[in-house]
Amino acid sequence: MGYKWLGLWLCLVGMPGLVEAQNWAYRGEAAFVSQGMVDQKTSDWQLRYLPQWELEGAGERAWAWDAQLAGYLYHQQTNAQALETEAELLRAWGRVFDPNTELRLGLQELSFGPAVLLRSLQWFDQKDPLDPTGFTKGVKGALLRVSTKENSTFWLWSLGGNQDLYALTPYASEKHRVEWGGRAQLSFEALEAGLTLHRRTLSLPGQESVPESRLALDAKADFTYLGAWVEGVGLTRAREGPSAQDERWGTLGMDTSINWLEGLLLTAEHYRKDTRSGGAAWNRSAQSNALMASLGFGLLDNYRISWFTTEEPQAQQARFDWQRSYDNLLWNLSVFKLNTNQDDARWGAGLVVQYNH
């Protein structure tokens, strides 16, 4: 599967007559990520390298083009799995664009929504809000994005061949079925609002293919000292499976900044999910809360305290992070305490080191 997308990328960058010259660029990202609990015999760790090639068209034309090819090479060990070494494609896309329109085709990142910590619109990426590297895998497909002079944006996408589970679904998509969707993101003076739709066919264990539809509304308002946002999602499946037929979930969030040192940012979010089957009454199935305080100190350091609580499974996590950033290097040290309804409080620590060149 990776060779097919590599071939597509090579075809895109080799289209004759599109530009008069080509500019190459190479960059790489090396990272070491480790996390463990004090009562574990071994810690989870990963050593990865992301080589990335970028090709950009040059010339005086109304339409420009560029392309990107990135690999994902890693060596890792988890508490439940022995040493593993793998290599795969992380990005492989080509794009044609002008100042207001872009058409991107290939293996690419697809991410949107205003929430920060408990994202109801985390449909196609696996970003961890506490991961300073922002690492995520991509999806295979085509994306058309059009922007207006009023800073509104309209998206259309068609996806296929994505058998990996997305962040907020327990079921993979049907292998040979096309997924499609779109998003309208409207921008006003102090408000951004979005409407998102996605339709796919999924594989339920022991059943035939089942259509699934998602519809979402989101909005974010910025005031003088306060920001507030909301994400709401409704999901329905044609038939009931191991999970409920209908779901709805949403996020409420706000943040405020305080002029202290390099700036103190306070963020709070609440997430709730309800389910039902066969037209019955809605039942609450999940609820989470998150708080974060982030403080800059000098030009290099950032300190962050975060607290997460979930209702099902019942758990709480308090965490402290210290991050130092240079031009090409960052490290992040973390200490956290995890409480669940089944175990006593457990302590853990983590380390992230990233070098870009």
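# Exercises on a predicted model

Strands β9 (191–203) and β10 (209–222) each supply at least two residues of the lining of the largest cavity. The model is a predicted one.

## Exercise 1: the cavity

Find how many cavities of 30 Å³ or more there are, and state which residues line the largest cavity.

Solution. Step one is the count, which comes to one cavity of 30 Å³ or more. Step two is the volume: the largest cavity holds about 30 Å³ of space. Step three is the lining, made up of Trp 123, Phe 124, Tyr 166, His 198, Arg 200, Glu 212 and Arg 214. Step four sorts these residues by character, giving three nonpolar, one polar and three charged.

## Exercise 2: a network of charges

Three residues of the cavity lining, Arg 200, Glu 212 and Arg 214, also take part in a network of salt bridges. Determine which residues are linked in this network, then examine the pair Lys 273 and Glu 247.

Solution. The network links Arg 200, Glu 212, Arg 214, Arg 237, Glu 247 and Lys 273. Within it, the side chains of Lys 273 and Glu 247 meet in a salt bridge, with 3.5 Å from N to O. This pair ties together distant parts of the chain: Lys 273 is in strand β13 and Glu 247 in strand β12, 26 residues apart. Glu 247 has a relative accessible area of 5%, so it is buried. In the structure as a whole there are 22 salt bridges.

## Exercise 3: two further salt bridges

Decide whether Asp 246 is buried or partly exposed, and do so too for its partner Arg 276.

Solution. Begin with the contact: Asp 246 and Arg 276 form a salt bridge whose closest N and O atoms are 3.3 Å apart. The pair joins distant parts of the chain, with Asp 246 in strand β12 (residues 246–258) and Arg 276 in strand β13 (residues 264–276), 30 residues apart. A residue is buried under 20% relative accessible area. Asp 246 has 12%, so it counts as buried. Arg 276 has 26% and therefore counts as partly exposed.

For the second bridge, take Glu 102 and Arg 104, where the closest N and O atoms are 3.4 Å apart. Both Glu 102 and Arg 104 are buried.

## Exercise 4: the nonpolar patch

List the residues that form the nonpolar patch on the surface, and name the strands that each supply at least two of them.

Solution. The patch is formed by Leu 103, Leu 144, Val 146, Phe 154, Leu 156, Leu 186, Phe 188 and Leu 191. Together they have about 640 Å² of accessible area. The strands are β6 (139–147) and β7 (153–159). Val 146 is one of the patch residues and is placed in strand β6. Its relative accessible area is 30%, so Val 146 is partly exposed.

## Exercise 5: residues in two loops

Work out what is unusual about the phi of Asn 151, and where Gly 138 is placed.

Solution. Most residues other than glycine have a negative phi. Asn 151 is not a glycine, yet its phi is positive, about 70°. Asn 151 is found in the loop between β6 and β7. Its relative accessibility is 58%, so Asn 151 counts as exposed.

Gly 138 is in the loop between β5 (101–108) and β6. With a relative accessible area of 18%, Gly 138 is buried. Its C-alpha atom is separated by 9.8 Å from that of Asp 164, which is 26 residues apart from Gly 138 along the chain.

Terms used. Residues are numbered from 1 along each chain as its sequence is written. This is a predicted model: local features need pLDDT of at least 70, side-chain atom pairs count only at pLDDT 80 or more; totals for chains, interfaces and linings use all residues. Side-chain values use heavy atoms; hydrogens and water are left out. Patches are made of residues with over 30% relative accessible area and no salt bridge: like charges are joined within 9 Å, nonpolar side chains (Val, Leu, Ile, Met, Phe, Trp, Tyr) within 5 Å. Accessible areas come from the Shrake-Rupley method with a 1.4 Å probe; for residues, only the protein chains shown count as cover. A salt bridge is a side-chain nitrogen of Lys or Arg within 4 Å of a carboxyl oxygen of Asp or Glu. Helices (H or I, at least four residues) and strands (E, at least two) are DSSP runs, numbered from the N terminus. Buried means under 20% relative accessible area, exposed over 50%, partly exposed in between (1.4 Å probe, protein chains only). On a 1 Å grid over the protein atoms alone, a cavity is a set of points where a 1.4 Å probe fits but cannot get out, and a pocket is an open set with protein on both sides within 12 Å along at least five of seven lines; lining residues have an atom within 4 Å of a point. Grid points are joined across faces, edges and corners, and a volume is the space filled by probe spheres set on the points. Ala, Val, Leu, Ile, Met, Phe, Trp, Tyr, Cys and Pro count as nonpolar, Asp, Glu, Lys and Arg as charged, and the others, Gly among them, as polar.
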